[in-house]
Amino acid sequence: MKKIVLLLTLLLIVSINNYSGAQILTKYGDNVSTLNGIMKAYYDVVTVNKGEKPSYERDSLLHFGNVNVGWAVKTKTGKTAFKYVSLKEYHKESDDYLASKGFYEKEISRRVEKFGAVYHVWSTYESRNTKTDPVIERGINSIEMYYDGSRFWILGWFFDAERKDNPLPAKYLTK
């Protein structure tokens, strides 16, 4: 009986050590070893208090090297266009605005498709200037990820906002 208890205790210790060793944290404490962890970090990194500067370094630690990101925009003529830039360029274009107004974005729904190590996340969001301000935008982030067996890497993301001519589909509003 003592041998069985000893064996079970050893198995429990090995399991605990394997679990805690599997968690990968960036230097900012973002858990990139789970899908929920990297999605939390994805939204946390864009949340900026008025007067603070977003962290390009923190954001880049979530991404595979040299990724591009993009978003749909309506032109003055009413046509849809797509802006496609490097992550660094995105920060150059957006950081001053985020710092001057403040920005809070949270996920309100998620759909995930996976094949092997490749993940596609449809993440519905709502944005505000602060956590308690009115919603200023809703939309969907389309996020491509790769899981290397230890951690998730964002390969790129793209979004489009909800508009009168582009309502959010019901299937992207349920958890």
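## Strands, a loop and a surface patch

In this predicted model, arginine 110 stands opposite serine 123 in strand 4. The setting for this pair is an antiparallel pairing of strand 3 (residues 104–115) with strand 4 (residues 118–128), which runs over 11 bridges. The hairpin of strand 3 and strand 4 has 2 residues between the strands, and in this hairpin glycine 116 takes a positive phi near 60°.

Strand 6 (residues 152–161) holds leucine 155, and aspartate 160 is found in strand 6 as well. Leucine 155 joins Phe64 and Tyr146 in making a nonpolar surface patch of about 250 Å². Aspartate 160, when residues up to four places away in sequence are not counted, touches Ala72, Tyr125, Gly139, Ile140 and Asn166, and its side chain makes a polar contact of 3.3 Å with the side chain of asparagine 166. Although aspartate 160 and phenylalanine 82 are 78 residues apart along the chain, their C-alpha atoms are separated by 9.4 Å.

Elsewhere, asparagine 31 lies in the loop between helix 1 (2–22) and helix 2 (35–46). Leaving aside neighbours within four places in sequence, asparagine 31 is in contact with Gln23, Ile24, Leu25, Gly37 and Ile38. Asparagine 31 counts as buried because its relative accessibility is 17%, which is under the 20% limit for that class.

The relative accessibilities of three of the residues described above are set out here.

| Residue | Relative accessibility | Class |
|---|---|---|
| Asparagine 31 | 17% | buried |
| Aspartate 160 | 24% | partly exposed |
| Leucine 155 | 35% | partly exposed |

Key: Residues numbered from 1 in each chain as written. Predicted model: local features only at pLDDT ≥ 70, side-chain atom pairs only at ≥ 80, totals over all residues. Heavy atoms only, no water. Helix = DSSP H or I, 4+ residues; strand = E, 2+ residues; numbered from the N terminus. Buried < 20%, exposed > 50% of the residue type's maximum accessible area, 1.4 Å probe, protein only. Contact = heavy atoms within 4.5 Å. Pairing = 2+ DSSP bridges. Patch = residues over 30% accessible without salt bridge, like charges linked within 9 Å, V, L, I, M, F, W, Y side chains within 5 Å. Areas by Shrake-Rupley, 256 points an atom, 1.4 Å probe, with all protein chains shown as cover. Salt bridge = Lys/Arg side-chain N within 4 Å of Asp/Glu carboxyl O. Polar contact = N/O pair within 3.5 Å; in protein donor to acceptor, adjacent residues only side chain to side chain.
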